[in-house]
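Please open the structure in a viewer and keep the selection panel at hand. The stops below proceed from the whole chain to individual side chains.

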Amino acid sequence: MSHTPRSRTAVTGALLLISLGPAVASCGGDGHPLSAAPYDATDQISFSGPVGEGKKADPDKPLEVTAQDSDGRITDVTAVDAAGRHLAGELSADGARWHSTSPLAANARYTVRVSTEDEDGRPGRRVLVLDTGRPLAEKRLDVTFGPKAGTYGVGQPITAELSREVTDRAQRAVVERALKVRSTPAVEGSWHWVDDKKLHYRPKEYWPAHATVQVSSNLEGIKISDRLWGGTAKPLRITTGDAVVAVTDASSHHMTVYRNGQEINSIPVTTGKPGFETRNGVKVVLGKEYFVRMRSTSIGIAAGSSESYDLPVYYATRVTWSGEYVHAAPWSVGSQGYANVSHGCTGMSTGNAAWFFQNVREGDVVQVVNSYGATMEPFGNGFGDWNLTWKKWREGSALTAGRPEAPEPEETARLRPAAV
């Protein structure tokens, strides 16, 4: 028997392929084997799980499709659940076996489409419905996204709080793969594991101004480990406002404020004096408080000592949880623009502080340069996420760590002001 030559190419990785059957079947009836309508491949393949009404497959076990006929082979398998989630899998080089490489969702219904070919290259098809049962484990991993819905500055990271710890790298990859962040306009971004129960997401550069960011999870029902399954997560939608970036130069004692890349104000300031130097680096506005009573004891200065203070402070814009603010400091107006005399905060006149207070929002960027202070830590004291290089940030992802970064287009719009 003469055979039509055909390519036997191994397919690996996540199978998000579209079956070639309908396309080749429409080529016409010219007598070529590939022009024939697909035959029923039911007798040519077998499945590892139970199929049929009322039968439930074990989600703890991978799905496996095997070619029964030694004269034929499997060419493609796609498995999609009712939520539109594709099941990743791998096909052997000889087409004899396909198996899933990602966990099946529990209590879900999959539509499985298998494409085959016989020894003459004729295409076969088998479509079946596979139901999975409920997991035996009782533990669920719920996710809470942050911040709250609203409008934020372009420096605002997305946060994901997990209800349980996830320490294993492979399990983290399952979780991270299910957490989706989509922005309009689209930007490159990545999750970063802060600790075993918390992730942050940020773009490579600041978010675009007036962007829409939508966050969701496909984790529900997905197996993470033998005793842990994905739980619920409420979707989140935020928007960004103008791109407001305030840059404080501790050596020149001035803050320059940019909106959408254009300078809109230059303010004389004072920053931390020797021994209390203001942190360098990028910080993100955490909130605004019209009035704060600031006591030296809150930063470890003993009451009654030469450095102690107890002051009413107005127009206080918070940038760290430990108590660093941009605020009105009428007592140091004579030093503003000339010397650094504060205990770490950025002080300015009451009028300038009121203007700053009114023109920034949560998520806006406050950057300090040329201070003798340490660099703002990335996590734990606010949002210092931007102080990690993009390479370091990607190393905190269970999906991108150790993988080379994709090359950038020749023309990439810069989202940071050119003066920063």
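Begin by colouring the chain by confidence. This is a predicted model, and its protein chain has an average pLDDT of 86, with 86% of the residues scoring at least 70. Select residues 1-29, where pLDDT stays under 50 and the model has 54 contacts beyond four places in sequence. Then select residues 409-420: pLDDT is under 50 there as well, and the model has 14 contacts beyond four places in sequence. Where pLDDT is low, the predicted coordinates should not be read in detail.

Switch next to a cartoon of the whole chain, which shows 4 helices and 27 strands. Of the 420 residues in the protein chain, 48% are buried. Among contacts with a separation of 6 or more, 67% join residues 24 or more positions apart. If a surface is displayed, about 20,600 Å² is exposed, and carbon and sulfur atoms supply 50% of that area.

**The nonpolar cores**

Select Tyr110, Val112, Val175 and Trp191, the residues that touch the most other members of the largest nonpolar core, which has 61 residues. Helix 2 (residues 169-178) contributes the largest share of this core, 4 residues. A further core, of 18 residues, lies apart from it and includes Ile267, Val269, Val326 and Ala328.

Return to Val112 and display its surroundings. Beyond its neighbours within four places in sequence, Val112 is in contact with Phe47, Leu63, Val77, Thr78, Ala79, Arg126, Val127, Leu128 and Leu130.

**Helix 2**

Which residues of helix 2 are buried? They are Arg172, Ala173, Val174, Val175, Glu176 and Ala178. Show the strands as well: the cover over these buried residues includes strand 9 (139-146), strand 11 (158-162), strand 12 (179-184), strand 13 (189-195), strand 15 (212-217) and strand 16 (223-225). At the start of helix 2, zoom in on Asp168, where a side-chain oxygen comes to within 3.0 Å of the backbone nitrogen of Ala170.

**Aromatic pairs**

Highlight the aromatic rings; the whole structure holds 8 aromatic pairs. One of them joins Trp191 and Tyr201, edge-to-face, at 5.2 Å centre to centre and 70° between the planes. Trp191 belongs to strand 13 and Tyr201 to strand 14 (residues 198-203), 10 residues apart, and the pair links distant parts of the chain. Both Trp191 and Tyr201 are buried.

Move on to Tyr290 and Tyr315, whose ring centres are 5.3 Å apart and whose planes stand at 85°, so this pair is edge-to-face. Here too distant parts of the chain are linked: Tyr290 is in strand 23 (residues 287-295) and Tyr315 in strand 24 (residues 310-318), 25 residues apart. Extend the selection to Tyr290, Phe291, Tyr314, Tyr315 and Phe357, which ring pairs link into a cluster.

**Two single residues**

Select Lys283, in strand 22 (residues 281-284). Is this lysine, Lys283, buried or exposed? Lys283 counts as buried because its relative accessible area is 0%, under the 20% cut-off. A polar atom of the Lys283 side chain lies 2.7 Å from the backbone oxygen of Arg279. Display the other surroundings of Lys283: beyond four places in sequence, its contacts are Thr278, Val319, Glu324, Asp364, Val365, Val366, Val368, Met376 and Phe383.

Finish at Leu87, in the loop between strand 4 (73-81) and strand 5 (89-91). Leu87 has 2% relative accessibility and therefore counts as buried. Draw a distance from its C-alpha atom to that of Ser102, 15 residues apart along the chain: the separation between Leu87 and Ser102 is 6.4 Å.

Terms used:
Residues numbered from 1 in each chain as written. Predicted model: local features only at pLDDT ≥ 70, side-chain atom pairs only at ≥ 80, totals over all residues. Heavy atoms only, no water. Core = buried A, V, L, I, M, F, W, Y, C linked by side-chain atoms within 4.5 Å. Buried < 20%, exposed > 50% of the residue type's maximum accessible area, 1.4 Å probe, protein only. Helix = DSSP H or I, 4+ residues; strand = E, 2+ residues; numbered from the N terminus. Contact = heavy atoms within 4.5 Å. pLDDT = per-residue confidence, 0-100. Polar contact = N/O pair within 3.5 Å; in protein donor to acceptor, adjacent residues only side chain to side chain. Areas by Shrake-Rupley, 256 points an atom, 1.4 Å probe, with all protein chains shown as cover. Phe/Tyr/Trp six-rings, centres within 6.5 Å; stacked < 30°, edge-to-face > 60°.
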